[in-house]
Amino acid sequence: MEPKNVWESYTDKQLKDMHAFNDAYRAFLSASKTERECVDNIVNDIEKAGYVELPKLIQSGKKLKKGDKVYAVNMNKNVVMFLIGSEPMEKGMNILGAHIDSPRLDLKQNPLYEEKGLALLDTHYYGGIKKYQWVTLPLALHGVIVKKDGTTAEISLGEEEDDPVFFISDILIHLAADQMSKTAAKAVEGEALNIICGNQPIKIEKKTAAASKTTARTTSKAKAADKKDEEEKAKEGVKAGVLAILKDMYGVDEEDFLSAEIEVVPAGKAREAGFDRSMIMSYGQDDRVCAYGSYEAMLAVKNVKRTACCILVDKEEIGSVGATGMQSRFFENIVAEVMNLAGSYSELALRRCLANSLMLSSDVSAGYDPNYAACFETKNTCYLGCGMVINKYTGSRGKSGSNDASAEFMAYIRKVLDGEKVIFQTAELGKVDQGGGGTIAYILAQYGMNVIDSGVAVLDMHAPWEVTSKADVYETYRGYIAFLNGEGM
Ligand code: MN
Ligand code: MN
């Protein structure tokens, strides 16, 4: 069995639609570099399409009926949306799932320090990264600083043409004798991932004669405190300078870093790649390529028989843990709320709804890389340009950690995709015993529902810049639409 090529199958009209879809996808990627930014942008889009926030509906006392659209947000980092179908929810939903967190560097809680005239920010990496890939790149800071009074300063610095950028240094090749003899895992260590963020010491105002007259009236205790402050600034002038700028820009003090979530990501927009502009190179395509296609598919379908649902989660890259990860009860709680508003809630009806649901758990797959051919088994690998990827199983070392969908569900998926002429390929993640990976699939499978992994082939997965084929991005979106319209097994 040879994979089919999507490019060759498209008409001129389809090619045009595909490029337009990818233009919008690129704009989404450029504007959505954190899970919070993803949720913001998604909520803006779906509200325009008529989705209503669940708490508002509950408050209004309105009931949900066929064709209604509802969504809920969890802690600004996780969002779920529903399009109510004509069939009772107890019969199950068609669910699309993907994650909106991506590998990156997070600032530590006490990050800022100065060393020999440079100000630095200490980080702890998030998710699986090759640390050596993150040095000598223009980096941007995105996130929030929440102050004790509950107000939030939103940070996005490094993306605009005239914004400053940030960076992590690497040792010059001339002095890299020790580094070059290390393994790639050790060449750049986690604790060396410090962001250089300043070099100019703060200017300390010399006290004028008039000023010293005023200070003469202040207590000796206050004078001592002033002096100490001045000495500190002189000693760590660059750090003091950075803090003064932060105070000016965001109204925050050093202590406010304690309640901040600041993510360090590659600076710059998503780009078209290749002479033929056939690919997209961007930060964060794992797994925003699937998240984008999934929620756009929700906006594309109407009059569904089975209730359509899309859940976009946080924390996949660190094990789907926490209140905003897939393992959280958030999803189950919201399904219960939605069934309640649809007039069909009972504990048993909820269990039935979840068990009777069908799910595409979408995540990126490792596209065949000609530069590293030895890592792949070519018959069971996905290729850029060959369409939506279906992974019956993922996992590593004997399928460990995999969901492994049933043959019956796989047959249903084939029927649904073939019915809409969606081009798909099947794959596993690389060669047996070369490595592997997990997804959120097994978590929802715990309800007894049929779940299968699917997604898009990616080159350079988890690197600062990841690459997809536009044809696959669009074909996968078509696959999601076909799945949401599916009538069930
Ligand atoms: Mn992923
Ligand atoms: Mn990943």
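How are the donor residues of the manganese ion (ligand 2) spaced in sequence? That was my opening note today, and I took it to a predicted model.

**Entry 1: manganese ion (ligand 2)**

I read the spacing off the chain as D-x30-E-x144-H. Next I looked up the atoms behind that pattern. For the manganese ion (ligand 2), I found Asp286 (OD), Glu317 (OE), Glu317 (OE) and His462 (NE2) as protein donors, at 2.1 to 2.6 Å. I then checked where two of these residues sit. Asp286 belongs to helix α10 (residues 285-300), while Glu317 is in the loop between β13 (308-313) and α11 (330-341). The two are 31 residues apart, and the pair links distant parts of the chain. Buried or exposed, I wondered about Asp286 and Glu317? I noted both Asp286 and Glu317 as buried.

**Entry 2: manganese ion (ligand 1)**

I moved on to the other metal. Its protein donors are His99 (NE2), Asp286 (OD), Asp363 (OD) and Asp363 (OD), and they lie 2.1 to 2.5 Å from the manganese ion (ligand 1). Along the chain I wrote the spacing down as H-x186-D-x76-D. I placed His99 in strand β4 (residues 94-99) and Asp363 in the loop between β14 (358-362) and β15 (365-366), so this pair ties together parts that are 264 residues apart in sequence. His99 is buried, and Asp363 is buried too.

**Entry 3: the bridge**

Which residue coordinates both manganese ions, I asked myself? I found Asp286 doing so, with 3.1 Å between the manganese ion (ligand 1) and the manganese ion (ligand 2).

**Entry 4: helix α13**

With the metals done, I turned to α13, residues 407-419. I counted 13 residues and a reach of 18 Å from first C-alpha to last, close to the 18 Å expected at 1.5 Å a residue. Which residues of α13 are buried? I listed Phe409, Met410, Tyr412, Ile413, Val416 and Leu417. These buried residues cover an arc of only 160 degrees around the axis, which means they are on the same side of α13.

I also looked up what they touch. The buried residues of α13 pack against β14, β16 (388-391), β18 (424-426), β20 (450-455) and α15 (470-484). On the face turned away from that buried side, I noted the exposed residues Ala407, Glu408, Lys415 and Gly419. Just one more thing for this page: α13 is followed by Lys421, and I jotted down its positive phi, near 55 degrees.

Note on methods
Residues numbered from 1 in each chain as written. Chains lettered and ligands numbered in written order. Predicted model: local features only at pLDDT ≥ 70, side-chain atom pairs only at ≥ 80, totals over all residues. Heavy atoms only, no water. Donors = N, O, S within 2.8 Å, 3.2 Å for Na, K, Ca; no water. Helix = DSSP H or I, 4+ residues; strand = E, 2+ residues; numbered from the N terminus. Buried < 20%, exposed > 50% of the residue type's maximum accessible area, 1.4 Å probe, protein only. Expected span 1.5 Å × (residues − 1). Arc of directions from axis to C-beta. Contact = heavy atoms within 4.5 Å.
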